[in-house]
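Work through the exercises below with the model open. Try each task before reading its solution.

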Amino acid sequence: MIKQISGFQPTGNLHLGNLLGAIRPLVEAQATADSIAMIVDLHALTMEHDPAAVRANTLEVATLLLAAGVDPRRTAIIANSQVPEHTELHYLLECTTGFGEAARMIQFKEKSAGGGPVRLSLLTYPVLMAADILVHGADHVPVGEDQSQHLELARTIAIRFNARYGETFTVPEGIRPESAARIMDLSDPTRKMSKSAPSAAGRIGLLDPPETIRRAISRAVTDTAGVVRHDPEHQPGVTNLLEILVACTGEKPGGFSSYGALKREVADVVVALLEPIRARYRELDPGYVRETLAEGRTRVRPAALATVRRARAAIGLCL
Ligand code: ATP
Ligand code: MG
């Protein structure tokens, strides 16, 4: 069976883009793939962070994954900090990666450009991400464009390690699931909806109450053309609303006489999609969520340990 791993950063509240672009495809893949849903809490430490917030967000993401239909009997839900083989392999992979390879990463350049203090882990975290993937022997990794350079690095590291020290890792492949939508920010439809965007105005949080969702959609930026048309270049805001509609309903949208009518329809379908997720979220017991993480960790560790032992032996360490 194909092994697949999907990552979520516990950097803030999950949004509609995370659901339609990542969680729903993961839920659909559960029938055919051996999946791991990984909360990358270690990645959240690469930037200035609040310890209590990282812990709370990690549990929130785990709870939301469960509420959105990730079935822990089929998909192991883990936090990468709780599986120590990730960090052990990270070090071994650092010993096979060039400084220049890490420094070239666009995200490192962007996130370190602000002039503030830069954590060393921000430079090395793409190597940790390689370890996150390789340690589980994942065949497929669903990734958005923002992560494709990091996935390429993971492949380079795996191929080089295998060539130099002997066949050790499965070389992962980045995939773009057919059902994965890409949702843009409502207030700036040229940028993707993102947890870390400076303003929350263009974001629909998965736990937002219906009034907040309706307000955000009614304020979504459109244009002055006055015609509801799918035209990403000239009408990115309207196009985004149409794409949200398609992603939520799975149907081609009908005609709309005005932007107001389109927005009301989008608000109705988004509220209807998120309402049951919010309800299940409230019902889930925090103790059960912690148990699920502990169970996920127990399930994935034997294979992760085997990978690390192979890597240790190959690179010249005693077992
Ligand atoms: P951050 O701003 O902290 O990077 P994010 O919103 O990009 O947060 P991630 O945790 O990085 O969220 O990504 C989790 C998953 O959601 C990834 O598979 C990513 O490709 C997907 N994803 C993120 N934003 C969107 C979006 N706007 N549309 C579709 N998929 C998205
Ligand atoms: Mg991201």
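The exercises on this predicted model go from the ligand site to the strands and helix beside it.

**Exercise 1. Which residues are closest to ligand 1, and how many surround it?**

Solution. Start with the count: 18 residues surround ligand 1. Then pick out the closest: His15, Ile183, Lys192, Ser194 and Ser196. Now sort the shell by class. It holds 5 nonpolar, 10 polar and 3 charged residues.

**Exercise 2. Find polar contacts of ligand 1, using a cut-off of 3.5 Å between N or O atoms.**

Solution. Take the ligand's oxygen atoms. One lies 2.6 Å from a side-chain N or O atom of Lys192. An oxygen atom of ligand 1 is also 2.6 Å from a side-chain N or O atom of Ser194. Next, take a nitrogen atom of the ligand. A backbone N or O atom of Gly17 is 3.1 Å from it. Each of these distances falls within 3.5 Å. Finally, check the cover: on its own, ligand 1 has 590 Å² of accessible area, and the protein covers 89% of that.

**Exercise 3. Which elements give two or more residues to the shell around ligand 1?**

Solution. Two elements qualify: β1 (3-8) and α1 (16-29). Rank them by contribution. α1 gives the most, with 4 residues.

**Exercise 4. How many bridges join β1 to β2, and what is the handedness of the unit that β1, α1 and β2 make?**

Solution. Locate strand β2 at residues 34-39. It runs parallel to β1, and 6 bridges join the two. Check one pair: Phe8 has Ile39 in β2 as its bridge partner. Now add the helix. β1, α1 and β2 form a β-α-β unit, and the unit is right-handed.

Definitions and conventions
Residues are numbered from 1 along each chain as its sequence is written. Chains are lettered from A and ligands numbered from 1 in the order in which they are written. This is a predicted model: local features need pLDDT of at least 70, side-chain atom pairs count only at pLDDT 80 or more; totals for chains, interfaces and linings use all residues. Side-chain values use heavy atoms; hydrogens and water are left out. A residue is near a molecule or strand if one of its heavy atoms lies within 4 Å of it. A polar contact is a pair of N or O atoms within 3.5 Å; within protein, one must be able to donate a hydrogen and the other to accept it, and residues adjacent in sequence count only if both atoms are side-chain atoms. Accessible areas come from the Shrake-Rupley method with a 1.4 Å probe; for residues, only the protein chains shown count as cover. Ala, Val, Leu, Ile, Met, Phe, Trp, Tyr, Cys and Pro count as nonpolar, Asp, Glu, Lys and Arg as charged, and the others, Gly among them, as polar. Two strands pair if DSSP finds at least two bridges between them. A crossover is right-handed if, with the strands pointing away from the viewer, the path from the first strand over the helix to the second runs clockwise.
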